[in-house]
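Take a walk through this structure, one feature at a time. Keep the sequence and the 3D view side by side.

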Amino acid sequence: MRLRRLAADGAASDVELEPAADGWWRGDADLADGERYGFLIGDDEQLRPDPRSRRQPDGVHEASAAFDPAAFAWTDRDWTGRQLAGGLIYELHVGTFTPEGTLDAAVTRLDHLVELGVTHVELLPMNAFNGRWNWGYDGVLWYAVHEGYGGPVAYQRFVDAAHTRGLAVVQDVVYNHLGPSGNYLPLFGPYLREGESNTWGESVNLDEPAVRAYIIDNALMWLRDLHVDGLRLDAVHALHDRQPVHVLRELSERVDALSAHQNRPLTLIAESDLNDPTLILPREAGGYGLTAQWSDDWHHAVHVALTGETAGYYADFADAEAVAKVTDRGFFHDGTFSSFRDRPHGAPIPPEVPSWRLVTFAQDHDQIGNRAAGDRLSATLSPDRLAVAAVLTLTAPGTPMLFMGEEWGATTPWQFFTSHPEPELGRAVAEGRTAEFARMGWDPAAVPDPQDPDTFARSHLDWDEAAAPEHARLQELYRDLARLRRARPELTDPDTAHLTVEVRQVDGRPEHRVYRIDRGAVSVLVNLSPVRAVFAVHPDAAVLLATAALTRDEGTLTLPPDSAAIVAV
């Protein structure tokens with residue numbers, strides 16, 4: 001194996017690498033910051049990028065560029081980080097968050113997030129992928145920041161700017177698969193398991209110590225070199241680990257050690273389809289020791305309550321007690337039968353686990369973008385129901401998360417988009433998506449083509465609409481709710497022993513229910529029915545917030561249809 005250096009004038013020089021232990025190759029090459037290089041494997045004269053490349057100026061198929069992360073002049077030396085407990089996460093996709101679709105442009109919108117009450121900014125995957133735009137889950141060079149977003153220096157500027165404003169940064173990382181174009185890892189070693197695959201392709205070979213190190217070193221790179229405050233770990237249920245110590249436990253141990261060294265909290269949030277509390281249980285209790293995990297069950301229960309949709313995996317959540325159960329116990333499926341999976345699913349969360357360890361949301365990139373038309377709740381819900389969705393989201397016992405534009409009821413869709421340069425790959429992705437939704441009864445003509453640039457363009461936020469009166473009112477409600485959540489400790493109390501939920505069924509429809517959620521001295525009253533709802537309240541109770549005009553009599557409060565209120569004694 002050889003390392004080939006490329007001079008600015010195009011001249012090339014090779015460094016011979018010598019075989020070392022455990023399949024590694026070693027050699028001396030003092031690369032200057034920005035110097036282009038790559039590897040030649042065996043007799044193949046095709047230059048391959050560095051599997052640990054920090055920068056790919058010309059794309060994932062071309063030469064890597066050396067990058068010195070220590071060269072950046074950070075201004076966040078006094079940054080002490082943010083705990084996730086009590087936080088508010090805002091999930092965004094850099095490429096569609098602003099018209100420019102870059103990290104530097106995203107910096108100009110950070111003050112908006114501060115005013116909204118956000119504490120943690122979560123970025124969809126930023127690692128290098130083939131093409132101009134993509135959700136980010138087709139990354140193939142995990143150590144490099146996609147050049148179209150600005151590359152690694154722009155990333156450092158973004159994190160530094162976020163910290164200046166008191167915002168923590170959470171980076172979405174994908175360790176369960178690699179994208180379909182530009183993945184040269186199998187040429188360098190057994191990074192993938194032959195003959196074993198998951199939903200997205202061949203499984204990552206966690207039997208190999210070097211592959212495990214590749215993952216853990218990458219995680220530490222984001223946290224240490226780029227000053228990131230946390231990682232969202234994509235679809236960890238697809239990490240098929242047969243070793244005695246699961247890679248997630250190993251990762252949490254290493255991250256906790258780094259956190260102690262850097263004297264700031266570092267957060268690991270898992271996305272998992274397993275409803276398995278092992279992820280967030282302490283290591284001393286046999287768990288993996290991750291900070292938190294997403295709760296799709298909370299989303300599904302609230303989505304059904306708001307929309308009445310009961311197709312597919314939403315069917316079980318038409319249960320009258322679904323919202324109550326996910327509010328009180330986190331998981332709806334905690335060993336219960338899942339009709340979508342046709343088997344029992346999940347396990348209960350022990351009562352001693354604090355509720356903030358579940359990230360809860362009414363909308364996110366998956367639950368919008370994986371719909372055929374990429375339609376947000378704003379496409380079908382009235383402004384009144386969107387306001388109720390805001391109340392439910394920001395008063396939930398978990399750690400709430402918003403998806404970009406949700407705060408003003410953005411009308412722009414967020415659709416599935418790709419830009420695979422290979423025509424055959426692009427065609428296969430588009431045809432596969434059309435066929436998938438055709439099986440669900442969708443007209444193929446109604447399913448956007450992921451490869452069509454207009455699909456990407458439509459998915460950009462329209463910041464001008466945020467100032468329109470109807471949108472501005474909703475945005476102010478989100479700000480008020482975030483302030484109230486900070487002001488009232490009951491709304492961030494991690495102990496669900498102080499919580500009770502009452503559900504009233506108005507008729508047989510799942511979107512026509514009335515909820516009362518008591519959290520200590522604070523009560524969240526929700527009327528999603530078509531008729532007025534009367535709630536008993538203490539005569540001295542104060543109305544802290546209401547989404548509509550209320551009627552008050554001695555000892556009662558009446559809410560009109562599709563409204564919510566928060567009261568406290």
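**Pockets, cavities and rings**

The second largest pocket holds about 890 Å³ of space. Keep in mind that the model is predicted. The lining of this pocket counts 32 residues. Nearest its centre lie Trp-24, Trp-25, Phe-39, Asp-50 and Arg-52. Several elements supply at least two lining residues each: strand S4 (25–26), strand S5 (36–40), helix H5 (185–188) and helix H6 (209–224). Helix H6 gives the largest share, with four residues. What classes of residue make up the lining of the second largest pocket? There are 22 nonpolar, three polar and seven charged residues.

Next come the cavities. The count is 11 cavities of 30 Å³ or more. The largest cavity has a volume of about 90 Å³. Its lining is made of 13 residues, and His-303, Arg-371, Asp-375, Arg-376 and Leu-377 are the closest to its centre. Two elements give two or more residues to this lining: H8 and helix H10 (365–369). The largest share, three residues, comes from H8. By class, the lining of the largest cavity has three nonpolar, six polar and four charged residues.

Helix H8 also leads to the aromatic rings. A pair of aromatic rings is described by the distance of the centres and the angle of the planes. The structure holds 23 such pairs. One of them joins Phe-317 and Phe-332. Their centres are 5.0 Å apart, and the planes make an angle of 45 degrees. This pair counts as tilted, because its angle is neither under 30 degrees nor over 60. Where do the two partners sit in the chain? Phe-317 is in the loop between helix H8 (296–307) and helix H9 (322–329). Phe-332 is in the loop between H9 and strand S17 (336–338). The two are 15 residues apart, and the pair links distant parts of the chain.

Are these two rings' residues buried or exposed? Phe-317 has a relative accessible area of 3%, so it counts as buried. Phe-332 is buried as well, at 8%. Phe-332 has a further partner: Lys-325 lies over its face, 5.3 Å from the ring centre. A charge over a ring also occurs at Phe-535, where the charged end of Arg-504 sits 4.7 Å from the ring centre.

Other rings gather in a cluster. Ring pairs link Trp-133, Trp-135, Tyr-137, Phe-403, Trp-414, Phe-416, Phe-417 and Phe-456.

Now consider an annotated span. An unreviewed UniProt entry annotates residues 69–433 as "domain: Glycosyl hydrolase family 13 catalytic". This span is 31% helix and 16% strand. The C-alpha atoms at its two ends lie 39 Å apart.

Finally, look at the backbone. Asp-342 has a positive phi of about 60 degrees, although it is not a glycine. Asp-342 is placed in the loop between S17 and strand S18 (343–345). With a relative accessible area of 59%, Asp-342 is exposed. Asp-562 is not a glycine either, and has a positive phi of about 50 degrees. The loop between strand S27 (556–559) and strand S28 (563–568) holds Asp-562. Why does Asp-562 count as buried? Its relative accessibility is 19%, and buried means under 20%.

Terms used:
Residues numbered from 1 in each chain as written. Predicted model: local features only at pLDDT ≥ 70, side-chain atom pairs only at ≥ 80, totals over all residues. Heavy atoms only, no water. Phe/Tyr/Trp six-rings, centres within 6.5 Å; stacked < 30°, edge-to-face > 60°. Buried < 20%, exposed > 50% of the residue type's maximum accessible area, 1.4 Å probe, protein only. Lys NZ or Arg CZ within 6 Å of the ring centre and 35° of its normal. UniProt positions renumbered as here; feature names shortened; annotations may be inferred. 1 Å grid on protein atoms, 1.4 Å probe; cavity = no way out; pocket = protein on both sides within 12 Å on 5 of 7 lines; lining within 4 Å. Points joined across faces, edges and corners; volume = space filled by probe spheres on them. Nonpolar A, V, L, I, M, F, W, Y, C, P; charged D, E, K, R; others polar.
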